[in-house]
Amino acid sequence: MKLTIQKLTSLSPQDLIDLAKVWPEQTESDWQGSLSEHHALFAAVFNERILGAVKVRLNGDHGELRDLRVREVTRRRGVGLYLMEDLQAQLPQVKSWEMPSDGEAVTDTFMQACGFSLTGNIWKKH
């Protein structure tokens, strides 16, 4: 199977299990809140299982990313980079992107690899 990036529109019982592995500190209501007109939940899916995900808030040509995470057992295999590249391709109307910095060195390196630059405590890409 090929890794695909999907914009989730509803959450199946298996999605809930997988998202709990991606974000163990969050609940179903945290994820359901990302399934609305101006919010989106993008997931990296392999063999019908979610390996990583990111929440997106859309406002015209501006997109805000939150809670980007890849399951620990799957990291360092290109899943996060593919997730970031493909979701941007799926949303060509978005011209500027932002994501809050978490201050972690590994996130900093990853965001730079994705073409973002740090301004204050916000990662930005135009």
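1. A residue is called buried when its relative accessible area is under 20%, exposed when that area is over 50%, and partly exposed in between. The structure discussed here is a predicted model, and this definition is applied to two of its residues below.

2. G80 has a relative accessible area of 11%, and therefore counts as buried. G80 belongs to helix α3, which covers residues 79-90. Apart from residues up to four places away in sequence, G80 touches V70 and F110.

3. R69 is partly exposed, because its relative accessibility is 28%. R69 is found in strand β4, formed by residues 62-70. Beyond its neighbours within four places in sequence, R69 has contacts with V22, W23, P24, E25, G52, A53 and R75. One of these residues, V22, offers its backbone oxygen to the side chain of R69 at 3.2 Å.

4. Both residues appear in an annotation from UniProt. An unreviewed entry there gives the feature "binding site" at L68, R69, V70, T74, R75, R76, R77, G78, V79, G80 and L81. Of these residues, L68, R69, V70, T74, R75, R76, R77, G78, V79, G80 and L81 are included in the lining of the largest pocket.

5. The wider setting also comes from the record. In an unreviewed entry, UniProt lists residues 3-126 as "domain: N-acetyltransferase". Across residues 3-126, helix accounts for 29% of the chain and strand for 36%, while the end C-alpha atoms lie 26 Å apart.

Key: Residues are numbered from 1 along each chain as its sequence is written. This is a predicted model: local features need pLDDT of at least 70, side-chain atom pairs count only at pLDDT 80 or more; totals for chains, interfaces and linings use all residues. Side-chain values use heavy atoms; hydrogens and water are left out. UniProt positions are given in the numbering used here, feature names are shortened, and annotations may be inferred rather than shown by experiment. On a 1 Å grid over the protein atoms alone, a cavity is a set of points where a 1.4 Å probe fits but cannot get out, and a pocket is an open set with protein on both sides within 12 Å along at least five of seven lines; lining residues have an atom within 4 Å of a point. Helices (H or I, at least four residues) and strands (E, at least two) are DSSP runs, numbered from the N terminus. Buried means under 20% relative accessible area, exposed over 50%, partly exposed in between (1.4 Å probe, protein chains only). Contact means heavy atoms within 4.5 Å. A polar contact is a pair of N or O atoms within 3.5 Å; within protein, one must be able to donate a hydrogen and the other to accept it, and residues adjacent in sequence count only if both atoms are side-chain atoms.
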